[in-house]
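Q: I would like to learn how to read a pocket in a protein model, and how far to trust what I see there. Could you take me through it step by step?

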Amino acid sequence: MNPQKGQYTLFGKTIKVSGKVNNYNIDDKKYEELIEDYKRQFPVYIKIFELRNKQKNMNTNIIEIQKLLEHKNQIILQGAPGTGKTYTAKDIAEQIIFGSISSDKTLPKFKT
């Protein structure tokens, strides 16, 4: 399979299946290999989905903060040092300026 933009692809093995409709058989050794593959892959997919959901929730919160900022014209971000106030402020600015938040958090290179 060739992954393409906008598609999710689960990579795996092709296993020969025998049988007829609603009665399929897989060789026991191949079945055990399949289960072991799932056990190795499952934590990776859990992490992918957790990060995806975290990013989606953060974007939703940024949009809510943006609406509040547009209404109040100023906000104060509070929190202990190291909790991400500066990153949040940058994300809010990026959302307002560009209409989306980039996952690339490196500083842009400007020509001088």
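A: We can begin with the term itself: a pocket is an open set of grid points with protein on both sides within 12 Å along at least five of seven lines. The model shown here is predicted, and its second largest pocket holds about 210 Å³ of space.

Q: Which residues are the closest to the centre of the second largest pocket?

A: The lining consists of 13 residues, and those closest to the centre are M58, G84, Y87, T88 and D91.

Q: Which element gives the most to that lining, and what is the lining like by class?

A: Helix α1, which spans residues 28-72, and helix α2 each supply at least two residues of the lining, with α1 giving the most, namely five. Sorted by class, the lining has seven polar residues, four nonpolar ones and two charged ones.

Q: Is Q66 buried or exposed?

A: A residue is called buried when its relative accessible area is under 20%. Q66, which is found in helix α1, has a relative accessibility of 13% and therefore counts as buried. Leaving aside residues up to four places away in sequence, Q66 touches Q95 and I96.

Q: What is the average pLDDT of the protein, and which element has the lowest mean?

A: As a general caution, predicted coordinates should not be read in detail where pLDDT is low. In this protein the average is 77, and 82% of the residues score at least 70. Among the elements, strand β1 (residues 18-20) has the lowest mean pLDDT, 74, whereas helix α2 (residues 85-98) has the highest, 85.

Terms used: Residues are numbered from 1 along each chain as its sequence is written. This is a predicted model: local features need pLDDT of at least 70, side-chain atom pairs count only at pLDDT 80 or more; totals for chains, interfaces and linings use all residues. Side-chain values use heavy atoms; hydrogens and water are left out. pLDDT is the predictor's confidence in each residue, from 0 to 100. Helices (H or I, at least four residues) and strands (E, at least two) are DSSP runs, numbered from the N terminus. On a 1 Å grid over the protein atoms alone, a cavity is a set of points where a 1.4 Å probe fits but cannot get out, and a pocket is an open set with protein on both sides within 12 Å along at least five of seven lines; lining residues have an atom within 4 Å of a point. Grid points are joined across faces, edges and corners, and a volume is the space filled by probe spheres set on the points. Ala, Val, Leu, Ile, Met, Phe, Trp, Tyr, Cys and Pro count as nonpolar, Asp, Glu, Lys and Arg as charged, and the others, Gly among them, as polar. Buried means under 20% relative accessible area, exposed over 50%, partly exposed in between (1.4 Å probe, protein chains only). Contact means heavy atoms within 4.5 Å.
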